Amino acid sequence: MGRFSFILFLFSLTVFGQKNNDTNALEVSFLQGNVIPHTKDLYHLQGHADGLMLSFIKQTHGKDEWHSAYNFPDYGVYLEYQNYNNDFLGKVYAAGVLYNFYFFNRSLELKVAQGVGYATNPYNKVENSKNKAFGSTLMGNTIFGLFYKKERLIDKLGLQAGLLFTHFSNGRTKSPNSGINTFFLNVGVNYDFSKNTTRNIDTVAVKKDYSEPLKYNFVLRSGSNESQVIGSGQHPFYHASFFVDKRFNRKSALQLGTELFLTNSFKDYIKYKANAYTELNIDPNTDFKRIGLFVGYELFVNKISLEAQVGYYVYRPFVNDIALYDRVGFKYHFTPKIYTSFSVKTHMFLAEALEFGVGVRL
């Protein structure tokens, strides 16, 4: 989680370190919703959650090319408080970075956020063995929101209302880690600190063709995780990927590739399963390696891009999860050829790894 915090800090410096004419605004959202269990062992964690979210945002006005390309989005940081009103789950506090994208004459807002969460009541073998969602105090936090937003309804004060989805998980850096999902109804206010600044599209700039020939990517992702056996210990993993991408326009590229998974926590887990469940006839020397094929999509914003991939294991002698896996995350492009990444690899809603990667695009 320390490396994740560093990448989050780097991202914050990127978005706030720009010298431009962006203006400031604040969103305050009041949350009321429900925990949505996605596995059977989480049914006892259901409850009516509530919370509060503060978003400190920079409004773009067209100084940089990507502003108008994305209909003048906001970027910024958020603070979130969430009370699950459940004795086992307790409360969580989160902070991170965000983008707000706008549609339909800026009346519809899509919020995408990623951060770090702190749980007040994680799993404890003696005191809180019922909490199979949080295996650690520190977790990753992902947020998606869709709101109707009206700015400057009364002077500089506006309103927003809609739906918010939050996910907390430590990516199985420590077990147990089923993670928890919550859907909220959101009602809030927004305040614009600036004067009524106009947004300008640069009509003089020469249009650029962003389409590119096929590019070849080599990515090494790493981190540490723990098997599903609580207390089995953390082990490093290495995920090596090769894929081809094709950028079609300003925003989009498609990917096709393969990758090798060397997940060392599988070694002990295979031996555990072989000895603890003899009826399964598992060979304790079963190969722990996996190979996958995947397709992906990358959304380019500025130096930051968002990435989503769906894959299928074509080689996995030890069957532990479903054959499909997925990955979501973001990249920071230092140069057109070198980038770093942070992503979450999951099997549906069950996280397997928080991945920190370095890639080359040739």
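These are my notebook entries on a barrel, some charged pairs and two buried residues in a predicted model.

**Entry: the barrel**

I began with the strands. Eight of them close into a barrel, in the order β1-β2-β3-β4-β5-β6-β7-β8. The pairing is antiparallel. From one strand to the next, the twist averages 25 degrees.

I then picked out one pair of neighbours. β5 and β6 run antiparallel to each other and share eleven bridges. I looked up a single position there: Q114 has T142 in β6 as its bridge partner.

**Entry: salt bridges across the barrel strands**

Next I searched the whole structure for salt bridges and got 19. I followed a few of them up.

K149 and E109 form one, with their closest N and O atoms 3.0 Å apart. K149 sits in strand β6 (residues 138-154) and E109 in strand β5 (residues 108-119), so I noted a link between distant parts of the chain, 40 residues apart. Buried or exposed, I asked of E109? E109 is buried, because its relative accessibility is 0%. K149 has a relative accessible area of 3%, so K149 is buried as well.

D192 and R152 form another, at 3.2 Å between the closest N and O atoms. D192 belongs to strand β8 (residues 180-192) and R152 to strand β6; 40 residues separate them in sequence. D192 is buried, with a relative accessible area of 11%. R152 is partly exposed, at 24%.

**Entry: a salt bridge from loop to helix**

I turned to R250 and E65. Their side chains meet in a salt bridge, 2.9 Å from N to O. What does this pair tie together? R250 lies in the loop between β10 (234-247) and β11 (252-263), and E65 lies in helix α2, so the bridge joins parts that are 185 residues apart in sequence. R250 counts as buried, because its relative accessibility is 14% and the cut-off for buried is under 20%. E65 is partly exposed, with a relative accessible area of 41%.

**Entry: a network**

Some salt bridges link up. I listed one network made of R221, E259, E298, E307, R327, K331 and E355.

**Entry: T60**

I looked up T60 next. T60 lies in the loop between β2 (48-59) and α2 (65-69). T60 is buried, because its relative accessibility is 0%. What does its side chain reach? The side chain of T60 comes to 2.7 Å from the backbone oxygen of P73. Leaving out residues up to four places away in sequence, T60 touches D22, W66, H67, F72, P73, Y75 and R199.

**Entry: D22**

D22 was on that list of contacts, and I went there last. Its place is the loop between α1 (2-16) and β1 (23-36). D22 is buried, yet has no salt bridge. Side chains of opposite charge can pair when their charged atoms come close. For D22, the nearest side chain of opposite charge is K58, 6.6 Å away. A salt bridge needs the nitrogen within 4 Å of the carboxyl oxygen, so that distance does not qualify.

Which side chain does D22 make a polar contact with? The partner is the side chain of Y75, at 2.4 Å. With residues up to four places away in sequence left out, D22 touches K58, Q59, T60, H61, H67 and Y75. H67 and Y75 also appear among the contacts of T60.

Technical notes:
Residues are numbered from 1 along each chain as its sequence is written. This is a predicted model: local features need pLDDT of at least 70, side-chain atom pairs count only at pLDDT 80 or more; totals for chains, interfaces and linings use all residues. Side-chain values use heavy atoms; hydrogens and water are left out. Helices (H or I, at least four residues) and strands (E, at least two) are DSSP runs, numbered from the N terminus. Buried means under 20% relative accessible area, exposed over 50%, partly exposed in between (1.4 Å probe, protein chains only). A polar contact is a pair of N or O atoms within 3.5 Å; within protein, one must be able to donate a hydrogen and the other to accept it, and residues adjacent in sequence count only if both atoms are side-chain atoms. Contact means heavy atoms within 4.5 Å. Two strands pair if DSSP finds at least two bridges between them. Axes are lines fitted to C-alpha atoms, for helices over the stretch in contact, and angles run from 0 to 180 degrees between N-to-C directions. Lys and Arg count as positive and Asp and Glu as negative; His and the chain ends are not counted.
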